[in-house]
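Here is a short walk through the structure shown below, meant to be read with the viewer open. We start in a loop and work outwards from there.

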Amino acid sequence: MAHFAKLDENNVVTEVIVVHNNELLENGVESEAKGIAFCQNIYGGIWKQTSYNGSFRKNFAKIGSTYDSMRDAFIHPKLFEGQVFDEETCRWVWPEPN
């Protein structure tokens, strides 16, 4: 099973779905391109695969997250004023105290 995120015209995640391996495997190997084609054929739109455990694209996509193509990462919205962006994790964090 793999998860795919649907993006709007601003690369904001509007939906996350699970796709069965039967739709992903190509010669026994999982293919993101095949999964994207499956999603597009059924639902239309722009899709990116996301990793539940964050093993790629930094963070699991959730509705309201943004896909950053330069970082190839899903970035969750900033929740609190004062948080800073951590480039390594692509997450909003509290700054280290001085």
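## A turn between two strands

In this predicted model, N11 sits in the loop between β1 and β2. Phi of N11 is near 65°, a positive value in a residue other than glycine. For context, most residues other than glycine have a negative phi. Is N11 buried, partly exposed or exposed? With a relative accessibility of 25%, N11 counts as partly exposed.

The two strands on either side of this loop form a hairpin, with 5 residues between them. Strand β1 covers residues 2-7 and pairs with β2 in the antiparallel sense over 6 bridges. If you would like to trace the pairing by eye, two bridges can guide you: H3 has V18 in β2 as its bridge partner, and K6 has E15 in β2.

## The sheet and its helix

The hairpin belongs to an open sheet of 3 strands, in the order β2-β1-β5 and with antiparallel pairing. Which strands stand at the edges? They are β2 (13-19) and β5 (46-50), and each has a single partner strand, so one side of each is left without a neighbour in the sheet. On average, neighbouring strands of this sheet are turned by 30° against each other, direction ignored.

Now look for the helix. Helix α1, made of residues 32-43, lies across β1, β2 and β5. The helix runs at about 140° to β5.

## Q49, a buried residue in β5

Strand β5 is also home to Q49. This residue has a relative accessible area of 5% and is buried, because buried means under 20%.

What does Q49 touch, once residues up to four places away in sequence are set aside? The list is A2, H3, F4, E30, E32, F56, R57 and F74. Of these names, H3 has already come up as the bridge partner of V18 in β2.

## The loop after β5

The loop between β5 and β6 offers two residues to look at, K58 and F60. K58 has a phi near 65°, a positive value in a residue other than glycine. Its relative accessibility of 37% makes K58 partly exposed.

F60 is partly exposed too, at 22% relative accessibility. Leaving aside neighbours within four places in sequence, F60 is in contact with H3, V16, T50, S51, Y52 and H76. How far apart are the C-alpha atoms of F60 and G82? They are separated by 23 Å, and the two residues are 22 apart along the chain.

## The largest pocket

Which residues line the largest pocket? They are N59, K62, H76, P77, L79, Q83, C90, R91 and W92. H76 in this lining is also a contact of F60.

By class, the lining has 4 nonpolar, 3 polar and 2 charged residues. The volume of this pocket is about 160 Å³.

## A loop further along the chain

E88 is found in the loop between β8 (84-86) and β9 (91-93). Its relative accessibility is 64%, so E88 counts as exposed. The C-alpha atoms of E88 and D72 are separated by 12 Å, with the two residues 16 apart along the chain.

## The whole protein

Stepping back, the protein has 1 helix and 9 strands. Read along the sequence, these follow the pattern β-β-β-β-α-β-β-β-β-β. The C-alpha atoms fill a box of roughly 55 × 25 × 20 Å, taken along the principal axes.

How much of the protein counts as buried? Of its 98 residues, 30% do. As for contacts with a separation of 6 or more, 38% are accounted for by residues 24 or more positions apart.

Definitions and conventions: Residues numbered from 1 in each chain as written. Predicted model: local features only at pLDDT ≥ 70, side-chain atom pairs only at ≥ 80, totals over all residues. Heavy atoms only, no water. 1 Å grid on protein atoms, 1.4 Å probe; cavity = no way out; pocket = protein on both sides within 12 Å on 5 of 7 lines; lining within 4 Å. Points joined across faces, edges and corners; volume = space filled by probe spheres on them. Nonpolar A, V, L, I, M, F, W, Y, C, P; charged D, E, K, R; others polar. Pairing = 2+ DSSP bridges. Helix = DSSP H or I, 4+ residues; strand = E, 2+ residues; numbered from the N terminus. Axes fitted to C-alpha atoms, helices over the stretch in contact; angles between N-to-C directions. Contact = heavy atoms within 4.5 Å. Buried < 20%, exposed > 50% of the residue type's maximum accessible area, 1.4 Å probe, protein only.
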